[in-house]
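User: I've got a model open and I'd like to learn how to read it feature by feature. Can you walk me through it?

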Amino acid sequence: MVSSDVPQLSVPSSEKIIISIPFGLIGLPELTRFELESVSDSWPFRRLRVLDGDSVEIIVVEPQSVLESYPLEITDEDAQTLGLEDGGDALVLSVVAIHSMDPQFVTMNLVGPIVVNRKTLLGKQVIVEHSERYSVAHVLVDMRGGASSPSEEAQ
Amino acid sequence: MLVLSRREGESIMIGDAIEVVVTRIDHDSVKLGVIAPRQMAVFRHEIYRKISESNRVAVRPPSAALPAIQLPKRNP
């Protein structure tokens with residue numbers, strides 16, 4: 001039997017997923033430790049709870065699970081900081097802003113995703129390469145009822 | 001605000017650890033190189049502003065209700 005110490009984040013688990021983001025989030029440097037909900041009761045959303053300080057949370061979405069095309073590229077420096085050698089080790093979380101309960105007003109930040117090394121659970125909010133192609137407030141659901149495509153915004 | 005004149009190839013130091021180099025000057029733009037410790041994040045100001053605003057909007061009370069969204073899963 002093959003066992004793995006890699007957290008299987010897509011599988012329901014009672015294990016707590018504690019993510020450490022030593023430099024904090026951009027503009028919120030005090031938020032450095034989070035617990036990621038291991039299984040979501042409201043896909044595609046997952047709750048990322050702040051562990052220290054105020055009792056608050058941030059909603060995140062794995063962008064590649066809802067978008068047709070989001071070929072994430074990060075800088076070599078960020079990959080090094082995170083100890084990422086293989087793209088498959090990266091858990092990518094887009095920060096969601098819920099301006100209203102109407103899905104038309106739910107946006108995700110595609111410019112500055114939180115990238116986490118699944119093996120070490122070390123994370124960083126990075127700026128993606130070619131950031132001009134993406135929006136910090138990408139509407140999750142477009143008028144046609146499907147997932148909107150990030151590439152449409154470049155035109 | 002401290003204002004310094006620099007030519008192409010010259011640089012300034014901010015403290016002991018951060019160096020900002022003027023690498024190229026065109027008509028209306030300047031290319032800057034930044035040498036800084038890894039924990040010092042360097043951003044274009046407008047990107048920093050947008051992302052920090054978006055992060056602040058995203059912080060919410062725990063376990064608050066979420067909108068119901070119907071989307072096809074890309075990677076089931």
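**Reading strands, faces and contacts**

Analyst: Happy to. Let's start with a hairpin: β2(B) and β3(B) form one, with four residues between them. Keep in mind that this is a predicted model.

User: Before we go on, what scores does the model get, and what is the mean pLDDT of chain B?

Analyst: The model has an ipTM of 0.82 and a pTM of 0.84. For chain B the mean pLDDT is 91, with 96% of its residues at 70 or more.

User: Okay, back to the hairpin. How many bridges join β2(B) to β3(B), and which residues stand opposite each other?

Analyst: The general idea is that strands of a sheet pair through backbone hydrogen bonds, in either a parallel or an antiparallel way. Here, β2 (residues 18–25) of chain B is joined to β3(B) by six bridges, and the two run antiparallel. To get the register, look for facing residues: B:Arg24 is opposite B:Lys31, and B:Val22 is opposite B:Leu32.

User: What is the strand order in the sheet of chain B?

Analyst: The order is β1-β2-β3 in an open sheet of three strands, with antiparallel pairing. β1 (11–14) and β3 (30–35) of chain B are the edges: each has a single partner strand, so one side of each has no neighbour in the sheet. From one strand to the next, the twist averages 25°.

User: Is β3(B) largely in the open or covered?

Analyst: Count its buried residues, where buried takes 20 or more other C-beta atoms within 10 Å. For β3(B) that number is zero out of six residues, so the strand lies largely in the open.

User: And a single loop residue? Where is B:Ala17, and is it buried or exposed?

Analyst: B:Ala17 sits in the loop between β1 and β2 of chain B. It counts as exposed because it has 11 C-beta neighbours inside 10 Å. Leaving out residues up to four places away in sequence, B:Ala17 touches B:Ala36 and B:Pro37. As for distance, its C-alpha atom is separated by 48 Å from that of B:Ala68, which is 51 residues apart from it along the chain.

User: Now chain A. Which residues of β7(A) are buried?

Analyst: For a strand, check each face in turn. In β7 (residues 114–117) of chain A, A:Ile114 and A:Val116 on one side are buried, and so are A:Val115 and A:Asn117 on the other, leaving both faces covered.

User: Which strands does β7(A) pair with?

Analyst: One is β5 (residues 90–98) of chain A, antiparallel over four bridges, where A:Leu91 has A:Val116 as its bridge partner. Another is β8 (residues 122–125) of chain A, also antiparallel and joined by four bridges, with A:Asn117 partnered by A:Leu122. The hairpin of β7(A) and β8(A) has four residues between the strands, and A:Leu121 takes a positive phi near 60° there.

User: Last one: how many residues are in contact between the chains, and which elements of chain B supply them?

Analyst: Begin with the counts: 26 residues of chain B are in contact with 37 of chain A. On the chain B side, α1 (45–58) and β4 (59–60) each supply at least two residues, and α1(B) gives the largest share, 10 residues. That side of chain B divides into 15 nonpolar, five polar and six charged residues. Strands pair across the chains too: β4 (residues 57–61) of chain A and β4(B) run antiparallel, joined by two bridges, and A:Ile58 stands opposite B:Val59.

Methods:
Residues numbered from 1 in each chain as written. Chains lettered and ligands numbered in written order. Predicted model: local features only at pLDDT ≥ 70, side-chain atom pairs only at ≥ 80, totals over all residues. Pairing = 2+ DSSP bridges. Axes fitted to C-alpha atoms, helices over the stretch in contact; angles between N-to-C directions. Contact = placed C-beta atoms within 7 Å. Nonpolar A, V, L, I, M, F, W, Y, C, P; charged D, E, K, R; others polar. Buried ≥ 20, exposed ≤ 12 C-beta atoms within 10 Å, placed from the backbone. pLDDT = per-residue confidence, 0-100.
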